[in-house]
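Notebook open, coffee poured. Here is what I looked up today, entry by entry, with the chain and its ligand on screen.

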Amino acid sequence: MKINILTLFPDMFSGFLNESIIKRALEKELIKINVINIRDFTFDKHKQVDDTPFGGGGGMVLKPEPLFRVLEKFKKSKIIYTSPQGKTLTQNLVKDLSKEKEITIIAGHYEGIDERVIEELVDLEISIGDYVLTGGELPAMIITDAISRLIPGVLGNTASYENDSFYNGLLDYPHYTRPAEYNGLKVPEVLLSGHHKNIEIWRKKESIKRTYIRRPDLLEKKLENKEFSKLEIKLLDEIK
Ligand SMILES: CCN(CC)Cc1ccc(CNC(=O)c2csc3nc[nH]c(=O)c23)cc1
């Protein structure tokens with residue numbers, strides 16, 4: 001998987017690329033991430049990338065020329081533009097994107113980019129949710145992060161992927177680690193018992209309980225899609 005990120009602020013990406021799971025995935029060459037400064041594709045004296053909007057209204061808009069020039073190099077990849085007007089990112093959309101060979105993400109900034117770039121070259125506009133940010137750079141990192149963790153080998157063991165709450169439709173169960181008692185606060189006995197079956201049932205019940213309380217909408221969806229196992233139905237009845 002190769003991801004190209006077109007941005008005005010490449011330095012915003014250094015922490016994201018130089019730490020933890022993404023850093024290791026890059027070192028293992030499981031993914032390739034290419035951060036490109038849009039300003040390198042301006043050839044005028046002032047290296048102008050943005051300008052005032054026609055029709056007035058304040059703010060700045062990214063000019064078409066530099067974007068058309070840089071996108072010429074990535075024509076064969078799937079071109080994504082991060083924008084508040086986009087399709088809201090979901091795990092299903094992430095899964096679909098993770099199957100692409102190469103993706104190019106234009107990180108929006110200011111009021112956005114010239115519409116002619118979107119009409120002619122953008123395959124998909126993506127928003128990461130209904131709240132307003134200062135730019136599309138963090139959304140570009142979020143999309144890259146979510147896709148990368150689905151690439152085989154990026155996560156230590158696939159188990160951590162399979163149990164993703166957005167993978168099985170339920171929220172995660174509570175997690176504990178050493179010490180078994182801290183400030184008089186104990187870890188649930190079952191988790192220290194070594195009974196794997198009991199632990200599995202306890203975790204499943206905790207997931208359902210939490211989803212029932214915090215995200216009943218997810219439970220509804222799982223019921224509608226008839227994705228409940230017999231055990232899950234039994235545990236849900238115990239909770240209600
Ligand atoms: C005045 C109308 N605003 C649109 C909601 C203007 C505007 C605000 C913030 C931005 C910067 N945000 C993004 O580029 C962005 C890109 S993806 C995304 N997802 C959620 N929220 C976001 O703000 C974004 C761009 C235009």
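**Entry: Glu100**

I began with Glu100, which I found in the loop between α4 (91–97) and β6 (102–107). A word of care before going on: I am reading a predicted model. Is Glu100 buried, exposed or partly exposed? Its relative accessibility is 31%, so Glu100 counts as partly exposed. Next I looked for a partner distant in sequence and picked Ile3, which is 97 residues from Glu100 along the chain. The C-alpha atoms of Glu100 and Ile3 are separated by 9.7 Å.

**Entry: Glu102**

From there I went on to Glu102, which lies in strand β6. I noted Glu102 as buried because its relative accessibility is 14%, and the cut-off for buried is under 20%. I also checked Glu102 against Asn4: they are 98 residues apart along the chain, and their C-alpha atoms are separated by 7.8 Å.

**Entry: Gly86**

Strand β5 was my next stop, and Gly86 lies in it. With 17% relative accessibility, Gly86 counts as buried. I took Glu115 as its partner, 29 residues away along the chain, and read 13 Å between the two C-alpha atoms.

**Entry: the ligand**

Now for the ligand. How many residues surround the ligand? I counted 16, and the closest are Ile128, Gly129, Tyr131, Leu133 and Gly136. Sorting the shell by residue type gave me eight nonpolar, seven polar and one charged.

Then I listed some polar pairs. A polar backbone atom of Leu133 is 2.9 Å from an oxygen atom of the ligand. Ser127 brings a polar side-chain atom to 3.4 Å from a ligand nitrogen atom. For Gly136, I found a backbone N or O atom at 3.3 Å from an oxygen atom of the ligand. As for cover, the ligand taken alone exposes 560 Å², and the protein buries 75% of that.

I also asked which pocket the ligand takes up. The answer is the second largest pocket. Two elements give two or more residues to the shell around the ligand, namely β5 (78–88) and β7 (124–127). The largest share, three residues, comes from β5.

**Entry: backbone oddities**

I finished with a pass over the backbone angles. Which residue does a cis peptide bond join to Arg178? It is Pro179, with omega at about 5 degrees. I placed Pro179 in the loop between α8 (165–168) and β8 (181–182).

Lys47 caught my eye too: it is not a glycine, yet it has a positive phi of about 50 degrees. Lys47 lies in the loop between β2 (32–37) and β3 (50–51). I marked Lys47 as partly exposed because its relative accessible area is 33%.

Asn183 went on the list as well, with a positive phi of about 55 degrees although it is not a glycine. I located Asn183 in the loop between β8 and β9 (185–186). Is Asn183 buried or exposed? Its relative accessibility is 65%, so I put Asn183 down as exposed; the cut-off for exposed is over 50%.

Conventions: Residues are numbered from 1 along each chain as its sequence is written. This is a predicted model: local features need pLDDT of at least 70, side-chain atom pairs count only at pLDDT 80 or more; totals for chains, interfaces and linings use all residues. Side-chain values use heavy atoms; hydrogens and water are left out. A residue is near a molecule or strand if one of its heavy atoms lies within 4 Å of it. A polar contact is a pair of N or O atoms within 3.5 Å; within protein, one must be able to donate a hydrogen and the other to accept it, and residues adjacent in sequence count only if both atoms are side-chain atoms. Accessible areas come from the Shrake-Rupley method with a 1.4 Å probe; for residues, only the protein chains shown count as cover. On a 1 Å grid over the protein atoms alone, a cavity is a set of points where a 1.4 Å probe fits but cannot get out, and a pocket is an open set with protein on both sides within 12 Å along at least five of seven lines; lining residues have an atom within 4 Å of a point. A molecule sits in a cavity or pocket if more than half of its atoms lie within 2 Å of its grid points. Helices (H or I, at least four residues) and strands (E, at least two) are DSSP runs, numbered from the N terminus. Ala, Val, Leu, Ile, Met, Phe, Trp, Tyr, Cys and Pro count as nonpolar, Asp, Glu, Lys and Arg as charged, and the others, Gly among them, as polar. Buried means under 20% relative accessible area, exposed over 50%, partly exposed in between (1.4 Å probe, protein chains only).
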